[in-house]
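Reader: I would like to learn how to read helices, strands and a chain interface from a model. Could you take me through them with care?

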Amino acid sequence: MYKVVIGLEVHCELQTNSKVFSSSKNTYSSDPNSHVSAVDLGLPGVLPVTNEEAVKKALKSAMALNCKTPDEILFDRKNYFYPDLPKGFQITQVTKPMGKNGYLMINVDGTDKKVGIRQLHLEEDTASLDHYGSYSLIDYNRSGIPLIEIVTEPCMNSAEEALAFLEALRSVFLYCEVSEAKSDKGQMRCDVNISLMEENSTKMGTKVEIKNINSFGNVKEAIKYEIKRQTEILQSGGTVVQETRRYDDEDMKTYSMRNKVDAIDYKYYVEPNLVPVKLSNEYLEEIRKEIPPLQYERINKYMTDYGLSRYDATILVKEKAIAEYFEETIKEGADPKLSSNWITSVILGHLNKYELSITDIFVTPKMLTNLIKMVNDKVISSKQGKEVLYKALTEEKEPAVIVKESGMKQIVDDNVIEKFVLEVLDENPNVVLQYKNGKTNVIDFLVGQVMKKSRGQANPAMTMKMIKEQIEKR
Amino acid sequence: MISKEKLKDYASKLMFDMEDSEYETLQSEFEIILKQMDLIGQIEGISEVEPMTFPYVIYHAKLRDDVVKDELTKEEVLYNAKQVKNEQVMVPKVVE
């Protein structure tokens, strides 16, 4: 058996108004070459000017991933020749990346794992190329969009762990509001480094890099295929070649692109057109303050402080807005477990059905808390509560108003219930006799009669208890 | 010492080639440069000096505000292209 060793390189486009070194618009547009500046085209005489928002968001991401931040902002030049790079070099970071030596916690099947982050750096995206029969077409809209690249340690050991890491990473970007992180728009892209080693060996196997996988699902498939391919090579006594491969999502296989001998020498050096800028502690702390509690932290809090299951906690933290809504109900005094139940069973169902965001709905955390209290205080039954919540969501009415208007109230007054119970027992002496003779299931009929008289408002549990007590007395 | 083979390798990576005599000239020039570098290397305590990439460091630089401006028109973007198709620059197929 072989042990799988996986490292990831993830690219993520940052969400800013303008590009990282030019002032043209950072947007995903289907209209080609519509948001391009002279800087993006690398025209003679232009100079890059760093966008502060991109720097802040890169630093924020680095901090959220527990990375060490640099003492100054410094960029490097990576030289290579390709049509997607009009000026012949990419401005990136090698000497002093925005983040170093961090980690991200993931959870696979209930087991925690710390995934090491080697570095996070800020760079410019390239133009996009589309390839046709005998030519390629270049669209420069993407040229210069701020991009962060995250390089992990080779420390993941299965396709599931790699996928869990990507999901966790995406949630960090969404929680920190640094990127929309949509892989179908190419905002989040991933390269996979994968090697196999002997189960008990300490010697790492030969690594293969798989480039530009365009969806999380394909990352999983590419890893699975590569494990199978490399296992077959090793089992038949062959050796794995160190090379770069690409994943073809049509036949779900990887294909060789180039081997190590052809590796490009990028001739990195410090970017001379951008002067280094010192980062003060105050500046960094301002950025750090904006990082909200992240998914992993929230899941653990919900489980230990609120007694939720991992399953429910994971559902609630899927989106930051939902987690915040839930936490708001607790601040308002709702019982965490009940609040979690109502949100996951009714509200999330409503959001899915109408494709809404939780920030779109009429029912505020305070309204939900009041509704939960009404059920808890037995003002209305739990079944009625759900009806009210559905109504409140669809008709955009306050739950308290709905309860009042529909006369929906649960009778919990002993004296009132007793009156109904005595009436029903008096009217049905035969049924009472049947009960006394051991046919105890007739009690349902009696409860039903009380419900009828009270127009469904008598508390069922109390009614049942009281009928039993009264029959005993007869 | 720098060899002729090494120079040829660099030239190939930079996608050009030269006459043999030109390589020889380049090689002799490189030897002078390397000797000068050696001399600098002999300066006392040089290994403790941080390499200087810029003459001064900026402490309170104002970076650029995140505002959209200075976009070119599509006509301007495509003005220098030899061939244009579907409002994009057309080049020979480059995928491997």
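Author: What follows treats one helix, then one strand, then the side of one chain that touches another. This is a predicted model, in which local features need pLDDT of at least 70 and side-chain atom pairs count only at pLDDT 80 or more, while totals for chains, interfaces and linings use all residues. Residues are numbered from 1 along each chain as its sequence is written, with chains lettered from A and ligands numbered from 1 in the order in which they are written.

Reader: What span does helix α12 of chain A reach from its first C-alpha to its last?

Author: Helices (H or I, at least four residues) and strands (E, at least two) are DSSP runs numbered from the N terminus, and the expected span of a helix is 1.5 Å times one less than its number of residues. Helix α12 of chain A, residues 414-427, has 14 residues and reaches 20 Å, close to the 20 Å expected.

Reader: Which residues of α12(A) are buried, and which exposed residues lie on the face turned away from its buried side?

Author: A residue is buried if 20 or more other C-beta atoms lie within 10 Å of its own, exposed if 12 or fewer, and partly exposed in between, with C-beta atoms placed from the backbone. In α12(A) the buried residues are A:Ile417, A:Phe420, A:Val421, A:Val424 and A:Leu425. They cover an arc of only 130 degrees around the axis (taken from the directions from the helix axis to the C-beta atoms), which puts them on the same side of α12(A). The face turned away from that buried side carries the exposed residues A:Asn415, A:Asp426 and A:Glu427.

Reader: Why is strand β9 of chain A described as largely enclosed?

Author: In β9(A), residues 146-152, 6 of the 7 residues are buried, so the strand is largely enclosed by the rest of the structure. Two strands pair if DSSP finds at least two bridges between them. Strand β1(A), residues 2-13, pairs with β9(A) in the antiparallel sense over 5 bridges, and β6(A), residues 111-124, pairs with β9(A) in the antiparallel sense over 7 bridges. A:Leu147 is the bridge partner of A:Glu13, and A:Glu123 also stands opposite A:Leu147.

Reader: How many residues of chain B are in contact with chain A?

Author: Two residues are in contact if their C-beta atoms, placed from the backbone, lie within 7 Å; by that criterion, 32 residues of chain B are in contact with 39 residues of chain A. Strand β2(B) gives the most to this side of chain B, with 5 residues. Strand β8(A), residues 135-139, pairs with β2(B) in the antiparallel sense over 4 bridges, and there A:Tyr135 stands opposite B:Pro92.
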